[in-house]
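Work through three short exercises on the structure below. Each one has a stepwise solution.

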Amino acid sequence: MTVQGRRSSTFTRLLRHGFTDPSAAERLLDQPEMASVRTDSVLLDALGATADPDLALRALVRLAEAHESDDRRLLLDTLLAAKPLRDRLLGVLGASEALGDHLARHPADWQVLVTYESADLHPGVAEFEAGLAEAHDVDSLRVAYRRCLLSLAARDVCGTTDVAQTAAELADLATATLRAALAIARAAAPEDAALCRLAVVALGKCGGQELNYVSDVDVIFVGEPAHNPAHDHASPDDEADADASKTEGKAVQAATRLAAHMMRICSETTVEGTIWPVDANLRPEGRNGPLVRTLSSHLAYYQRWAKTWEFQALLKARAVAGDIALGKEYVAAVSPMVWQAADRENFVPDVQKMRRRVVDNIPVGQIDRELKLGPGGLRDVEFAVQLLQLVHGRSDASIRSGTTLVALRALAAGGYVGRTDAAQLDEAYRFLRSMEHHIQLFRLRRTHLVPDDDADLRRLGRSLGLRTEPVSELNRAWKRHASMVRRLHEKIFYRPLLDAVAQLAPGEIRLSTKAAGQRLEALGYADPVAALRHLEALSSGVSRKAAIQRTLLPVLLGWFADSADPDAGLLGFRKVSDALGKTPWYLRLLRDEGAAAENLARVLSAGRLAPDLLLRAPEAVAILGDPNGLKPRDREHLELEVLAAVGRAETAEIAVAVTRGVRRRELFRTAAADIIGSYGTEENPAEEDPGELVDRVGNAVTDLNSATLSGALRAAVRQTWGDTLPARFAVIGMGRFGGHEQGYGSDADVLFVYEPREGVADQEASRAASTVVSEMRRLLQLPTADPPLMIDADLRPEGKTGPLVRTLASYAAYYRRWSLGWESQALLRAEPMAGDAELGRDFIELIDPLRYPADGLSDAAVREIRRLKARMETERLPRGADPTLHTKLGRGGLSDVEWTVQLIQMQHAWEVPGLRTTRTREALAAAHAAGLISTEHTHILDEAWVLATRVRNGVMLVRGRAGDTFPSDGRELAAMGRYLGYGPGSVAPGPSPYNGHSGDMIDDYRRTTRRARAVMEELFYGAV
């Protein structure tokens, strides 16, 4: 008896043994019938070794209380004497509350856990059938099933069986149970049993012999008339056909009654609980179709109507109960259809789409705890394995297993999955299945959610052997395995077969041309024949170059396949390799710097612009291997490099050629960083905010074009005047140039301003300034391999008819006397970009009163701005353009957002300093900070502007030429989807971007811009 208020030695021992409620445990042990347990350290050690010692002790006390004294003594004495029984019984009691309840109701069943002979440690269907043989009704079947499950769970928790063996035993027990249930149904309706042959074919985890503790048992029923020898020699006339049809109908009806009764026997809940649901919804036409069909009816359906997912389900078909010969006949008949399913149109995208749909349907609150269906869950492994099986099982029977882990080993042995990848998937799958088993074993309930209660997590962690810090260790291990599964799932499921066409492991045979072509086609290559030619050219021979490329190609093929145009990626790699293959550092860079190879694959397969820039100077690939290589260089460093190069050049043409070469290299750097930031890599998934990506591109391209103009200006001046121009000269950026919002294909909108130097006549200075402008434009447009930079000065006073250059005084006079409202609005984005910095500042001081008018705009000025905007919407939108998709002038596009922000700037910048910026997003944020725009409206406008800008940038990256709307080519459209963050396959290629094949991308764009248009109409066109 313990003393109140003091902790006994038993309390301390219990705490040390892992009991979380030692006081309650001590009270249980103080009961007279538990005296032998309390004083026996071996039993306490055994309780402490269980997943939940408190649960195990409570269940043991209940079990002891359920026995009469003699039987109780036998139980406890046997426990003390027999370690195998002790480990089995206490292990089950500490892991499964449901089986503890069963033993409390049926206390004699503990004796099934008495040590088995070694031959019986891993029973099969026959042994389980023997265990269920005495079950002649529903309740006795449930009791016998639990008794068999008890011995099976004991082997599991004690480690006698691993997770794969446990799953196989559960499937064998399910098979025996289905047979017993069908026998009970037949005995209840012997007349039906006499009329028909009924086969039960298992699908899913039961069919694959990898069942859970509690899972729906998926089945298909096949029925045929009972064999009648009298019909063997019947005459084939109409009357005989009618009789046969009538007989068949009666047989199917009888089989349906038997099948339905068998399902109820397994699924219904009685005082002894339930077994598991039998699910026949995978049958033809699902729950709307007949429960039982003849074999010919099944085949007719599969040949004509079945969808891709139905053949995927049939991959695991296995005859398990009833007429086994008929079941095997069914499996043999449908098997060829299963292995021809990959020939169906859009097979791979259909399977991928189905997997995404499963994830999308998970409730948001459960997705982080969903062990089976969530990202990184069991279904990721299973779908990846099944896709590879269906694609390559057409010609390779060795991978046609219905068991996931067996199939995974076969795929690795055949070279379809890398051996390391397969080993990691095997380890992760076993861990996740073990978690699933032990979660379900606790209450024998069908669930795939990881518990969020610490007590449940502690029990689960301890059941998996994690004893030091079971909760934290479990979470770490689970997240690690889930992350690995997700990464490998993406790698295999969306980019199947990394060892696709290159050399297999040493000692293994080389793939045949046909097999290689099939694998490339499965990867998504549109022209496998051309791809094979490229691979042969890259990897053939015995040179070191060929050997390294044989090592690189399997991985590169997968990365190319992750894009919308793998063919272009492979072709680009061949071209770069042909240009640099003999350069010592090139292949070494790709082989030794994993990031460089993946970055190169992303860049080469994402569109036309970046590969075109790279192929003009392939040595720029070194940028991709430098940890800091993708960071844009600022304007100061770019100008230093450009001006130094101009100073070394012998002629202006050479100087600008060098300048344009720097621009090409930096455009490639910016485009590569944009692509990689949008796609992400395996090590660093794309997580960057789209607004930050847009700002980075805008700033980088603007700084680059500014440095380019500085170089062209210096070259033009040096050509005629040496180091000193007769005039001070400045280039003022306008539009997106001045706003630091340029895209890859943007022109440089500018104004030119000059001032005569002291002692220089105005006419001479004007002539010199005009000459410099003409020379800059000529030099920047010379035909070379580098992209030109077009100078657009149409925003100058008087437009195209006005002089290209003016003095400050001339600008002042014009703006004071003639300028229109739109010109003041255009000046909102004016900023000095090149030339004389002081003159640039003077120009800004001149225009500030115009663009930030004191006291804001008059009502008349606001009406004029609105009128101009409305006129632009009706007159400038290209004929035939979809106004909902035009990024610049369309509904909710760039123009709508920018005019709204600019109107606010002109109205309030005189009193809100933060609005005095040339940048749209900065001005929008300042307006929000000043309370001029609500948080919701700010977010809507910013989101639309960023999205429209990204679409414009994406069009240039994908097509290699500028555009203001989505491309119509299917592959280009899919590439746009990947750039904008839509996953592989979510934007399926189609003949038109607007025919429903473009996934969510077009709908999302329209939805975003529609909301922006509504905000714009409220803020911009609102009442004066």
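A pocket here is an open set of grid points with protein on both sides within 12 Å along at least five of seven lines, and its lining residues have an atom within 4 Å of a point. The model is predicted.

**Exercise 1.** Describe the lining of the second largest pocket.

Step 1. Start with volume: the second largest pocket has about 1200 Å³.
Step 2. List the lining. It has 37 residues, and those nearest the centre of the pocket are Asp 749, Leu 795, Arg 829, Arg 876 and Lys 888.
Step 3. Find the elements. Two or more lining residues come from each of helix H34 (735-738), helix H37 (821-826), helix H39 (859-875), helix H40 (894-908) and helix H42 (935-959). H42 gives the most, with five residues.
Step 4. Sort by class: 14 charged, 12 nonpolar and 11 polar residues.

**Exercise 2.** Locate Glu 285 and decide whether Glu 285 is buried, partly exposed or exposed.

Step 1. Check the backbone. Glu 285 is not a glycine, yet its phi is positive, about 70°.
Step 2. Place the residue: Glu 285 sits in the loop between strand S3 (278-279) and strand S4 (292-293).
Step 3. Apply the cut-offs. Buried means under 20% and exposed over 50%. Glu 285 has a relative accessible area of 45%, so it is partly exposed.

**Exercise 3.** Do the same for Leu 444: where does it lie, and is it buried or exposed?

Step 1. Leu 444 also is not a glycine and has a positive phi, about 50°.
Step 2. Leu 444 lies in the loop between helix H21 (419-443) and helix H22 (454-463).
Step 3. Its relative accessibility is 13%, so Leu 444 counts as buried.

Conventions
Residues are numbered from 1 along each chain as its sequence is written. This is a predicted model: local features need pLDDT of at least 70, side-chain atom pairs count only at pLDDT 80 or more; totals for chains, interfaces and linings use all residues. Side-chain values use heavy atoms; hydrogens and water are left out. On a 1 Å grid over the protein atoms alone, a cavity is a set of points where a 1.4 Å probe fits but cannot get out, and a pocket is an open set with protein on both sides within 12 Å along at least five of seven lines; lining residues have an atom within 4 Å of a point. Grid points are joined across faces, edges and corners, and a volume is the space filled by probe spheres set on the points. Helices (H or I, at least four residues) and strands (E, at least two) are DSSP runs, numbered from the N terminus. Ala, Val, Leu, Ile, Met, Phe, Trp, Tyr, Cys and Pro count as nonpolar, Asp, Glu, Lys and Arg as charged, and the others, Gly among them, as polar. Buried means under 20% relative accessible area, exposed over 50%, partly exposed in between (1.4 Å probe, protein chains only).
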